[in-house]
Amino acid sequence: MKRVAIVLAVSLLAIIGCTVKEDGTSSLRKTDRQYVLYKERTKGFGNYDYPNLKETEAEKLLTEKFQLELPTLYNEIQPIIEKELEGNDIKATKPVFQLFVQPTQVVFTRMTSYEKNNRPYIHTKIELKYFFDDGKKVAKLNNQTVMLINQTTESKALSEKLPLFTKEVGKMINLNGLEQGLSNYEKKVQASKGLIVQQAISIADNNKEAKKEKGLLKSIQVSYDEHGILRELYGNIADITE
């Protein structure tokens, strides 16, 4: 069965070293600056695979061995996920952490499965992607992603979580237009009479504004699989600062 993902992807610039730069941040709104960090780095990350780590191991490797930072959103999103999912016979299993490293990229992932009445319910994934630019000698966390992955065959597994999750996440990342976006989405669902198939639908985004300002590109979206089941609810903040 195709997995259902709720994805909240957030990008921020994290650059390794001692000197903090201001390039790319001066034009950002104050509320967005917490997601953008610049530091210098002289060389790439190397090649390493860590497919099964504990939380302390993963975070220590990321921050100490590779000299990267965990962004604000990483710590803020987990309480929201737990608030929305836990309870009513829903319990989380032990999270698994992964770290995959290439010379120009580091991918840090936290995955947690939630079970309802001891059966697979929703799988969550928080993923951070860091990129090293050898020409500029900087490392960039250009994608932070949060996913809630539906393991059931029913759309309601995600649709019941969608309104509150969307509002809380949208408020946290300062994304406007959530109420109108949710209203438009509900109207489209009702008009479709259950015939939304293999489609991605945007609930809210700042696409035009972000591209014009070269700031943080944010969005929250949903997608349906080939059977018309709500499979993905995801958000994105892409760092397109220069």
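This is a short walk through one protein structure, from the whole chain down to single residues.

Let me start with the overall picture. The model is a predicted one. The protein has 242 residues, and 48% of them count as buried. There are six helices and 10 strands. About 12,300 Å² of the protein is exposed, and carbon and sulfur atoms supply 47% of that area. Now take the contacts between residues at least 6 apart in sequence. Of these, 65% join residues at least 24 apart.

Next, the strands. Start at β5, residues 105-116. Which way does β3 run against β5? Strand β3, residues 90-92, runs antiparallel to β5, and three bridges join the two. Here K91 stands opposite E115 in β5.

Move on to β4, residues 96-102. Strand β4 is also antiparallel to β5, with seven bridges between them. A hairpin links β4 to β5, and two residues make the connection. Look at Q102: its bridge partner in β5 is Q105.

Then comes β6, residues 119-133. How many bridges join β5 to β6? There are 12, and these strands run antiparallel. One pair to find on screen is T109, which stands opposite E127 in β6. The hairpin of β5 and β6 has two residues between the strands. In that hairpin, N117 takes a positive phi near 55 degrees.

Now the core. Nonpolar side chains in soluble globular proteins tend to be buried together. In this model, the largest nonpolar core holds 56 residues. Which members touch the most others? They are I81, L99 and V222. Take L99 as the example. Leaving out residues up to four places away in sequence, L99 touches a long list of residues, including Y48, Y50, L53, L61, L62 and F66. V106, V107 and F108 are also among them.

On to helix α5, residues 178-192, where we find Y185. Is Y185 buried or exposed? Y185 has a relative accessible area of 4%, and the cut-off for buried is under 20%, so Y185 is buried. Its contacts beyond four places in sequence are L162, I201, I203, V222, Y224 and L230. Note V222, one of the residues named for the core. Y185 and S202 are 17 residues apart along the chain, and their C-alpha atoms are separated by 8.1 Å.

L162 takes us to helix α4, residues 162-172. Its buried residues are L162, F165, T166, V169, G170 and M172. Why do they sit on the same side of α4? Because they cover an arc of only 160 degrees around the axis. The general rule is that an α-helix has 3.6 residues a turn, so residues three or four places apart point the same way. On the other side of α4, L164 and K171 are exposed. Just after α4, N174 takes a positive phi of about 60 degrees.

N174 leads to the last stop, D32. Where is D32? It lies in the loop between β1, residues 5-10, and β2, residues 48-53. D32 is buried, with a relative accessible area of 7%. Outside four places in sequence, D32 touches I173, N174, L216 and K218. With K218 there is also a polar contact: the two side chains are joined at 2.8 Å.

That's the tour. Happy to go back to any of these places.

Note on methods
Residues numbered from 1 in each chain as written. Predicted model: local features only at pLDDT ≥ 70, side-chain atom pairs only at ≥ 80, totals over all residues. Heavy atoms only, no water. Pairing = 2+ DSSP bridges. Helix = DSSP H or I, 4+ residues; strand = E, 2+ residues; numbered from the N terminus. Core = buried A, V, L, I, M, F, W, Y, C linked by side-chain atoms within 4.5 Å. Buried < 20%, exposed > 50% of the residue type's maximum accessible area, 1.4 Å probe, protein only. Contact = heavy atoms within 4.5 Å. Polar contact = N/O pair within 3.5 Å; in protein donor to acceptor, adjacent residues only side chain to side chain. Arc of directions from axis to C-beta. Areas by Shrake-Rupley, 256 points an atom, 1.4 Å probe, with all protein chains shown as cover.
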